[in-house]
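Trainee: Could you walk me through this model? I'd like to start with the words we need and then look at the helices.

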Amino acid sequence: MEIVIVAVVMLLLLLLIKEVIQPLHALISVMFSFLLFGMLFSTLLLPFIKQLLETLAFLPYAKAIVVSASLFYIGQWVSMLLVEQNYKVLGHIVYDGVKIVILLYWFKEFLAVLQEVSAILQRLN
């Protein structure tokens with residue numbers, strides 16, 4: 001409920017700023033978006049992700065999948081925000097950067113598995 005109240009207050013402030021100080025509206029709306037996202041992330045998403053990881057702890061790659069999905073959606077949100085503010089190129093760069101980070105994360109996981117498979121194959125020889 002607290003988040004809804006904060007969102008409504010932010011919306012009212014944004015409407016006031018839009019009517020009074022039009023040139024600063026875009027800047028302040030982006031700042032409010034990040035503040036609201038930070039609040040949502042710390043109060044809702046982070047506890048949910050921790051609980052999900054505890055529940056799926058018995059699966060070998062559950063953490064990697066949850067981290068990848070979280071990074072993907074955060075990157076998508078930031079990219080969408082940049083595109084809406086007419087920074088399309090920067091939005092696409094951020095989105096592609098997040099995909100590369102996810103691939104590098106999985107590449108480290110893949111290397112660990114590949115080393116284990118290689119060690120098993122060397123023992124068989």
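Mentor: Gladly! A residue is called buried under 20% relative accessible area, exposed over 50%, and partly exposed in between. Please keep in mind that this is a predicted model.

Trainee: With that in hand, is leucine 90 buried, exposed or partly exposed?
Mentor: Leucine 90 sits in helix α4, which covers residues 88-124. Its relative accessibility is 44%. The class in between runs from 20% to 50%, so leucine 90 counts as partly exposed.

Trainee: And how far apart are the C-alpha atoms of leucine 90 and alanine 112?
Mentor: Along the chain, leucine 90 and alanine 112 are 22 residues apart. In space, their C-alpha atoms are separated by 33 Å.

Trainee: What span does α4 reach from its first C-alpha to its last?
Mentor: Helix α4 has 37 residues. At 1.5 Å a residue, 54 Å would be expected. The span in the model is close to that, at 53 Å.

Trainee: Which helix do the buried residues of α4 pack against?
Mentor: Let's name them before we look for the partner. Gly91, Val98 and Ile102 are buried in α4. Their packing partner is α3.

Trainee: Is serine 68 buried or exposed?
Mentor: Serine 68 belongs to helix α3, residues 62-84. Its relative accessible area is 11%, and the cut-off for burial is under 20%. That makes serine 68 buried.

Trainee: Which residues does serine 68 touch, leaving out those up to four places away in sequence?
Mentor: Here a contact means heavy atoms within 4.5 Å. With residues up to four places away set aside, the partners of serine 68 are Ile102, Tyr105 and Trp106.

Trainee: Let's go to the N-terminal helix. Why do the buried residues of α1 line one face of the helix?
Mentor: Helix α1 takes in residues 2-20 and reaches 27 Å, close to the 27 Å expected. Its buried residues are Ile3, Met10, Leu14 and Ile17. Looking down the axis of α1, the buried residues line one face because they fall within an arc of 65 degrees.

Trainee: Which exposed residues are on the face of α1 turned away from its buried side?
Mentor: The buried side first: its cover includes α2, residues 25-55. The face turned away from that side carries the exposed residues Leu12, Glu19 and Val20.

Trainee: How many helices does the protein have?
Mentor: From the N terminus on, the elements run α-α-α-α. The protein has zero strands, and its helices number four.

Trainee: Which residues does the UniProt annotation "transmembrane region" cover?
Mentor: The annotation comes from an unreviewed entry. In the model, the chain over 61-83 is 96% helix, with its end C-alpha atoms 33 Å apart. Over 89-107 the chain is 100% helix, and the end C-alpha atoms are 27 Å apart. According to the UniProt record, the annotation covers residues 28-49, 61-83 and 89-107.

Trainee: What is the radius of gyration of the protein?
Mentor: The C-alpha atoms fill a box of roughly 75 × 35 × 10 Å along the principal axes. For a compact globule of 125 residues, the radius of gyration would be near 14 Å. The protein has 21 Å.

Trainee: Last one: what share of the accessible surface belongs to carbon and sulfur atoms?
Mentor: Of the 125 residues, 18% count as buried. The accessible surface of the protein comes to about 9500 Å². The share belonging to carbon and sulfur atoms is 74%.

Methods:
Residues are numbered from 1 along each chain as its sequence is written. This is a predicted model: local features need pLDDT of at least 70, side-chain atom pairs count only at pLDDT 80 or more; totals for chains, interfaces and linings use all residues. Side-chain values use heavy atoms; hydrogens and water are left out. Helices (H or I, at least four residues) and strands (E, at least two) are DSSP runs, numbered from the N terminus. The expected span of a helix is 1.5 Å times one less than its number of residues. Buried means under 20% relative accessible area, exposed over 50%, partly exposed in between (1.4 Å probe, protein chains only). The arc is that of the directions from the helix axis to the C-beta atoms. UniProt positions are given in the numbering used here, feature names are shortened, and annotations may be inferred rather than shown by experiment. The radius of gyration is taken over C-alpha atoms; the globule rule is 2.2 Å times the number of residues to the power 0.38. Accessible areas come from the Shrake-Rupley method with a 1.4 Å probe; for residues, only the protein chains shown count as cover.
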